[in-house]
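Visitor: I should like to learn how the terms used for a protein structure are justified. May I put some questions to you as we look?

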Amino acid sequence: VTAVELQPDFHDAASRLTRRCGLDDRVRHVRADFLEAEFEDRHDALVSWLTFLHIDDHAALFRRCRAALVDGGALFAEDFVADAPLTVRERRLLSEEVYCRALPDRDRYRERLESAGFTDVEMHSMTEPWTRFVVARERAFAADRERYRRLHGRAAEERLARFYGVVRELFEGGNLGGARIVARAAPNPGTAALR
């Protein structure tokens with residue numbers, strides 16, 4: 001397993017957990033921008049949970065994903081999509097609070113994957129379960145907010161409360177959606193070799 005993480009604190013935490021579990025010989029951690037990371041080999045599968053939404057250039061991202069996979073390799077991702085046109089406020093909240101500046105709808109997402117060399121693209125809606133989750137998460141946090149503040153401080157508590165509220169608002173607005181995406185790397189994609 002090659003684990004790629006851009007943020008130093010997340011990378012360090014993941015590396016510590018891998019060592020703690022005794023998996024150093026099975027998991028290689030790389031702190032890098034995925035669009036620039038160097039891989040020793042092509043991989044059988046690539047997974048991403050709520051990460052692609054932070055990368056603006058989806059065309060380059062999906063080309064890079066395809067280049068990292070063997071022919072027939074699997075891509076599995078869970079990501080945000082636009083279920084309907086976003087309002088000005090929703091676009092601003094996504095950009096400023098979630099760091100998501102480029103949000104395709106399902107059709108555009110599929111087109112970008114296929115253009116990058118993926119086939120058998122399946123997109124399953126996660127909008128309803130994620131909406132239920134973010135509503136419940138905000139309620140649970142509100143009920144335990146004082147304890148969180150005591151443990152982590154007022155600033156951290158206020159940031160998390162704001163983030164949970166924004167994400168709940170976005171999903172309840174009905175324009176932001178979620179998707180589970182599964183695709184296969186088509187043979188002979190004509191993509192550039194790995195760096």
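Guide: In this predicted model, 37% of the 195 residues of the protein count as buried.

Visitor: What makes a residue such as N175 buried or exposed?

Guide: Buried means under 20% relative accessible area. N175 has a relative accessible area of 14%, and therefore N175 is called buried. N175 is placed in the loop between helix 7 (154-172) and strand 6.

Visitor: Which residues does N175 touch, leaving aside those up to four places away in sequence?

Guide: N175 touches V81, A82, D83, A84, P85, L86, T87 and E90.

Visitor: How do you know whether R101 is buried or exposed?

Guide: A residue is exposed if its relative accessible area is over 50%. R101 stands at 51%, so R101 counts as exposed. D56 stands at 36%; this value lies between the limits of 20% and 50%, and D56 therefore counts as partly exposed.

Visitor: Why are R101 and D56 said to form a salt bridge?

Guide: The rule asks for a side-chain nitrogen of Lys or Arg within 4 Å of a carboxyl oxygen of Asp or Glu. The closest N and O atoms of R101 and D56 are 3.1 Å apart, so the pair satisfies the rule. R101 lies in the loop between helix 3 (88-98) and helix 4 (106-115), and D56 in the loop between strand 3 and helix 2, so the pair ties together parts that are 45 residues apart in sequence. By this rule the count comes to 15 salt bridges.

Visitor: Where do R92 and E96 lie, and how many residues apart are they?

Guide: Both R92 and E96 are in helix 3, four residues apart, about one turn of the helix. Their closest N and O atoms are 3.3 Å apart, which is within 4 Å, so they too form a salt bridge.

Visitor: What makes R154 and E158 a salt bridge?

Guide: The N to O distance is 3.8 Å; this is within 4 Å, and the pair therefore qualifies. R154 and E158 both lie in helix 7, four residues apart. There is also a network of salt bridges that links R145, E146, R149 and E157.

Visitor: How do you know that strand 5 and strand 6 pair?

Guide: Two strands pair if there are at least two bridges between them. Strand 5 and strand 6 (residues 176-185) have six bridges, so they are paired, in the antiparallel sense. One bridge joins F118 to its partner A185 in strand 6.

Visitor: Why are strand 3 and strand 5 called edge strands?

Guide: The open sheet has four strands in the order 3-4-6-5, with mixed pairing. Strand 3 and strand 5 (118-125) each pair on one side only, and they are the edge strands. From one strand to the next, the twist averages 15°.

Visitor: Which strands does helix 2 lie across?

Guide: Helix 2 lies across strand 3, strand 4 (69-82), strand 5 and strand 6, and runs at about 150° to strand 4. Helix 5 (residues 127-143) packs on the sheet as well, touching strand 4, strand 5 and strand 6.

Visitor: What makes L50 eligible for a surface patch?

Guide: A residue in a patch must have over 30% relative accessible area. L50 has 37%, so L50 passes that limit. Together, V47, W49 and L50 make a nonpolar surface patch of about 300 Å².

Notes:
Residues are numbered from 1 along each chain as its sequence is written. This is a predicted model: local features need pLDDT of at least 70, side-chain atom pairs count only at pLDDT 80 or more; totals for chains, interfaces and linings use all residues. Side-chain values use heavy atoms; hydrogens and water are left out. Patches are made of residues with over 30% relative accessible area and no salt bridge: like charges are joined within 9 Å, nonpolar side chains (Val, Leu, Ile, Met, Phe, Trp, Tyr) within 5 Å. Accessible areas come from the Shrake-Rupley method with a 1.4 Å probe; for residues, only the protein chains shown count as cover. Buried means under 20% relative accessible area, exposed over 50%, partly exposed in between (1.4 Å probe, protein chains only). Helices (H or I, at least four residues) and strands (E, at least two) are DSSP runs, numbered from the N terminus. Axes are lines fitted to C-alpha atoms, for helices over the stretch in contact, and angles run from 0 to 180 degrees between N-to-C directions. Contact means heavy atoms within 4.5 Å.
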